[in-house]
Amino acid sequence: MKKMIQYWNHPSRSAYLFLAPSVILLILFSVIPLVIAFGLSLFDVSITMDTAKFIGFHNFIEAFQDSRFTNSLKVTAIFTGLEVPIQVLGALVIAALITKNNKRNKIFRGIYFLPVICSATAIGIMWRMILHSNIGFITAVLQSMGFGKINFLNTPGLTIFVVAFLSIWRSFGISAIIYVTAIQQVSRSFYEAAEIDGAGKILQFFHITAPSIRPTFWYILMTRFAGALQIFDIIYITTNGGPNYTTESTVTYIYSRAFSSNSNMGYASAMSVILFVIIMAVTVLMYRRMNKEG
């Protein structure tokens, strides 16, 4: 026992002990399910898994011939195109405005971060009530202003924008706080030198702040892209993919095929693998671009 303690009582070895719990959890809840999903994608198997028939790549072929799956990819792409740029760039602008550690900015940071700590279920139910076509507060206000009754959560062409707004509102705070932390690490001497040269706040933002926090920008961009491509909870709670599948994301469709009455775990796993490949490809391309700029 003493020899074991002496062996691990070394910085280069003890680090593995601290990493072990996270690595074990990663393997149990990420790596192993991913490997199982790859395996199941080659079989025709129901949710009970009482029988399994090997069918090779038939599930993948069927997925690309499934109009509902291709539509879910389109919806996910539209949602990502709406959510990611507004969140990434909007949070950067807001972060630049609330960077100083005064009382007002600390209050604003708390307000922005509050939705992050709320559950998606609570947020979804709250906004469903606020935007309800009959009893919703916002609907009533707009109707009193002469805009008529607007069904925010059941109007094709409009609902996807509403869902994107809800997602931005929910996770906007975490991106802003990460930016604030990064901006606060930029040396004040850069800004002082810029002020001596007569540069205003806008020039300082574009020539000092933005270039200095580029790694943080790419980190938020990559994580938000990955998160947007996997959007599920807000859509499932507010619209459940409606109306007419106009807000059905890929993950929402995968969930319905895996756990509905006509469940097919093999087919759902194949779609999951396709989504995994898409996310991996986007992440690798962004990572290579980030390294090239660095």
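What follows is a chat between a trainee and a mentor about a predicted model.

Trainee: Let's start with the loop between H12 and H13. What makes the peptide bond from glycine 242 to proline 243 cis?

Mentor: Look at omega: it is near -5° for that bond. Proline 243 sits in the loop between helix H12 (233-238) and helix H13 (250-259). Most peptide bonds are trans.

Trainee: And what is notable about phi of asparagine 244?

Mentor: Phi there is near 55°, a positive value in a residue other than glycine. Tyrosine 245 has a positive phi too, near 65°. Asparagine 244 is in the loop between H12 and H13, and so is tyrosine 245. Most residues other than glycine have a negative phi.

Trainee: Why is asparagine 244 called exposed, and what is tyrosine 245 called?

Mentor: Exposed means over 50% relative accessible area. Asparagine 244 has 65%, so it counts as exposed. Tyrosine 245 has 42%, between the 20% and 50% cut-offs, so it is partly exposed.

Trainee: Same loop, another residue: what makes the contact of glutamate 248 with arginine 68 a salt bridge?

Mentor: The cut-off is 4 Å between a side-chain nitrogen of Lys or Arg and a carboxyl oxygen of Asp or Glu. Here the N to O distance is 2.7 Å, so the pair qualifies. The two ends lie in distant parts of the chain, 180 residues apart: glutamate 248 is in the loop between H12 and H13, and arginine 68 is in helix H4 (residues 67-97).

Trainee: Which of these words fits glutamate 248, buried or exposed?

Mentor: Buried, because its relative accessible area is 2% and the cut-off is under 20%. Its partner arginine 68 has 25%, so that residue is partly exposed.

Trainee: How do you know that aspartate 233 forms a salt bridge with arginine 170?

Mentor: By the same test: the closest N and O atoms are 2.8 Å apart, within the 4 Å limit. This pair also links distant parts of the chain, with aspartate 233 in helix H12 and arginine 170 in helix H8 (residues 159-184), 63 residues apart. Aspartate 233 has 25% relative accessibility, so it counts as partly exposed. Arginine 170, at 22%, counts as partly exposed too.

Trainee: What about lysine 201 and glutamate 195, what N to O distance do they have?

Mentor: They come to 3.9 Å, N to O, and that is still within 4 Å, so they count as a salt bridge. Lysine 201 is exposed at 57%, whereas glutamate 195 is partly exposed at 42%.

Trainee: How many salt bridges does a search of the whole structure find?

Mentor: It finds 4.

Trainee: On to helices. How do you know that the length of H11 is close to what is expected?

Mentor: Helix H11 (residues 214-229) has 16 residues, and it reaches 23 Å from its first C-alpha to its last. The expected figure at 1.5 Å a residue is 22 Å, and the span is close to that. The buried residues of H11 include Trp218, Ile220, Leu221, Met222 and Arg224.

Trainee: What describes the way H4 and H8 pack?

Mentor: Two packed helices are described by the angle between their axes and the distance between the axes. The axes of H4 and H8 come within 7 Å and cross at roughly 35°. The contact of H4 with H8 has 21 nonpolar residues, 5 polar and 1 charged.

Trainee: And why is the crossing of H4 and H8 called right-handed?

Mentor: The term means the near helix is turned clockwise from the far one by less than a right angle. H4 passes H8 in that right-handed sense.

Key: Residues numbered from 1 in each chain as written. Predicted model: local features only at pLDDT ≥ 70, side-chain atom pairs only at ≥ 80, totals over all residues. Heavy atoms only, no water. Helix = DSSP H or I, 4+ residues; strand = E, 2+ residues; numbered from the N terminus. Buried < 20%, exposed > 50% of the residue type's maximum accessible area, 1.4 Å probe, protein only. Expected span 1.5 Å × (residues − 1). Axes fitted to C-alpha atoms, helices over the stretch in contact; angles between N-to-C directions. Nonpolar A, V, L, I, M, F, W, Y, C, P; charged D, E, K, R; others polar.
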